[in-house]
Amino acid sequence: MAVGGFSGVDGPVGSFSGKITLSVVITCIVAASSGLIFGYDIGISGGVTTMQPFLQKFFPAVLRKAAEAKTNIYCIYDSQVLTSFTSSLYIAGLAASLVASRLTATVGRRNTMVFGGLTFLAGAAINGGAANVAMLILGRILLGFGVGFTNQATPVYLSEVAPPKWRGAFNTGFQFFIGIGVVAANCINFGTAKRSWGWRLSLGLAVVPAAIMTIGALFILDTPSSLIQRGKVEQARHALRKVRGKDCDVESELAELKKASDVAKEADQEPFVTIFERQYRPHLVMSIAIPFFQQLTGINIIAFYAPVLFQSVGFGNDSALIAAIILGLVNLASILVSTGVVDRFGRRFLFMEGGIQMFVCQVGVAVVLAVTTGVSGTKEISKGYAILVLVLMCIYASGFGWSWGPLSWLIPSEIFPIKIRPTGQSISVAVNFATTFVLSQTFLTMLCHFKYGTFLFYAAWNALMTIFVALFLPETKGIPLDSMNLVWEKHWYWRRFVCG
């Protein structure tokens, strides 16, 4: 047995029909489209914050700093007010994700997604029409509530609806749509950058992905697990028949779902108390560690600030936006690779391969910047070396795209028993937002003071998280959600908690 793996559980245990039906494909695509709003926001923020009309209206001090003749290339965009524009969304998202666990348990996964989409739509409209920084921040807070609700509900929805054998592939759809949102936003930024009102269009067009996912969510059924949890057994039977196929006998799967739900109801304990019990220690650790490590890969920071970053290392404004688009397309293609192999090679293999790949690229970027810009960061980087930085960042993005990107949403959504699944996912999303807030609020300052050392900082974390996965994350591919306790019972370290 490989360290961190488990033996004796190879493939679905007591699994039900793993048949892929047209209905389950359409349902999961529609649900996964919730990722569009998160991705669009990640992509749009970095581009808008390099647009001169936007900076002139809201953050003129940044332009004054950029105009200084001897400004350190790493420090041009170091502004706490500017970073608060980006990071305010994540404080709101953190608060929303904690509330969302009760919401998804009470009104269902699908309705929570709809509510999140409507909230995001309102925030996008306010941002598009913003007249001052206060309106910008208010809009960002509403956007944060929107992504907080959808990021909590969607991965759980996908894991509960997908056939166990292909759960990994279906769940990566959420990250794929996040990637589509990032690329679409970067393309829109490129098209609007030279217009005085371009920033309004970029921010305001966020209503489009919000409308797409909200309308789509209205046409899909809630998950059978959620319906049974809320006492709607007949609707759950109908939903199960719809996603598994009319010819499939769903009664045995329905009976297992009812049994799991009954056990959860008999416990009759506050989920936020239950999750801290000793037997759920491994689940809790993973729900905190996985999203925490995902952000410390550095990917969202690079996605937020890609145009700023590429401008800082020698690309012009247009070239910087094109470089960000290229980075997004590479990430998007690599997510498709993950979709094809995650249920074949497993989660652990992709986590570790991606971690090593990202580590090597981060060290490479740090070396290139150290050699070309000097310790002070005042030397100008040549075009050739700037392109080398872009190539390294693309290899880095591909490593993230088939590992920590999609799998960080998948693992927390599939490891919890039904009674604490919404709570576990809420904690996971809250940790994701909290870490993102701290990093996005400090990245530009860190870039200014650490210079190329910023990339070594993230490289060190990539090394640490890869070791963590090798030692402590069991393989979960192909295991039905209700049999997931077996992976912990077989694990060399975690069995002392779940079997004790």
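# A walk through the helices

Of the 500 residues in this protein, 60% count as buried (buried is under 20% relative accessible area, exposed over 50%, partly exposed in between, with a 1.4 Å probe and protein chains only). You're looking at a predicted model, where local features need pLDDT of at least 70 and side-chain atom pairs count only at pLDDT 80 or more, while totals for chains, interfaces and linings use all residues. Residues are numbered from 1 along each chain as its sequence is written, and side-chain values use heavy atoms, with hydrogens and water left out.

**Start with the whole chain**

Switch on the cartoon: there are 24 helices and zero strands (DSSP runs numbered from the N terminus, with helices being H or I of at least four residues and strands E of at least two). Among contacts between residues at least 6 apart in sequence, 82% join residues at least 24 apart (contact means heavy atoms within 4.5 Å).

**Select 22–32**

This is helix α1, where S23, V24, T27, C28, V30, A31 and A32 are buried. What covers them? Show α2, α6, α7 (133–161), α8, α10 (207–218) and α12 (233–244), which are included in the cover over the buried residues of α1.

**Select N127**

N127 sits in helix α6 (residues 109–128). Is N127 buried or exposed? With 1% relative accessibility, N127 counts as buried. Leave aside the neighbours within four places in sequence, and N127 is in contact with M135, L136, G139, R140, L143, W199 and L203.

**Select P224**

P224 belongs to helix α11 (residues 224–229). P224 is another buried residue, at 4% relative accessibility. Outside the neighbours within four places in sequence, P224 is in contact with A236, A239, L240 and L257. Draw a C-alpha to C-alpha distance from P224 to E253 as well: 9.8 Å in space, for residues 29 apart in sequence.

**Select 281–295 and 404–414**

These are helices α15 and α20, whose axes come within 9 Å and cross at roughly 165 degrees (axes are lines fitted to C-alpha atoms, for helices over the stretch in contact, and angles run from 0 to 180 degrees between N-to-C directions). That crossing angle makes α15 roughly antiparallel to α20 (under 35 degrees counts as roughly parallel, over 145 as roughly antiparallel, 65 to 115 as roughly perpendicular, the rest as oblique). The crossing of α15 past α20 is left-handed (the near helix is turned anticlockwise from the far one by less than a right angle; clockwise would be right-handed).

Now show side chains for I290, F293 and Q294 of α15, plus W404, G405, S408, W409, I411 and P412 of α20, which make the contact. Colour the α15–α20 contact by class and you get six nonpolar, three polar and no charged residues (Ala, Val, Leu, Ile, Met, Phe, Trp, Tyr, Cys and Pro count as nonpolar, Asp, Glu, Lys and Arg as charged, and the others, Gly among them, as polar).

**Keep α20, add α21**

The axes of α20 and α21 come within 8 Å and cross at roughly 150 degrees, which makes α20 roughly antiparallel to α21. Which hand does the crossing of α20 and α21 have? The crossing of α20 and α21 is right-handed. At this contact, W409, P412 and S413 in α20 meet R421, Q425, S428, V429 and N432 in α21. By class, the contact of α20 with α21 has three nonpolar, four polar and one charged residues.

**Finish on the rings**

How many aromatic pairs does the structure hold? There are 28 aromatic pairs (rings of Phe, Tyr and Trp, the last by its six-membered ring, pair if their centres lie within 6.5 Å; planes under 30 degrees apart count as stacked, over 60 as edge-to-face, the rest as tilted).

Pick F38 and F433: their ring centres are 6.1 Å apart and their planes sit at 80 degrees, so the pair is edge-to-face. F38 is in helix α2 (residues 35–48) and F433 in helix α21 (residues 421–450), so you're looking at a link between distant parts of the chain, 395 residues apart. F38 is buried at 2% relative accessibility, and F433 is buried at 0% relative accessible area.

Then go back to W409, which forms an edge-to-face aromatic pair with F174: 5.1 Å centre to centre, 85 degrees between the planes. F174 lies in helix α8 (residues 167–192) and W409 in α20, so this pair ties together parts 235 residues apart in sequence. F174 is buried with a relative accessible area of 0%, and W409 is buried with 5%.

For a last selection, take F292, F293, F351, W404, W461, F468, F472, W492, Y493, W494 and F497: they form one aromatic cluster.
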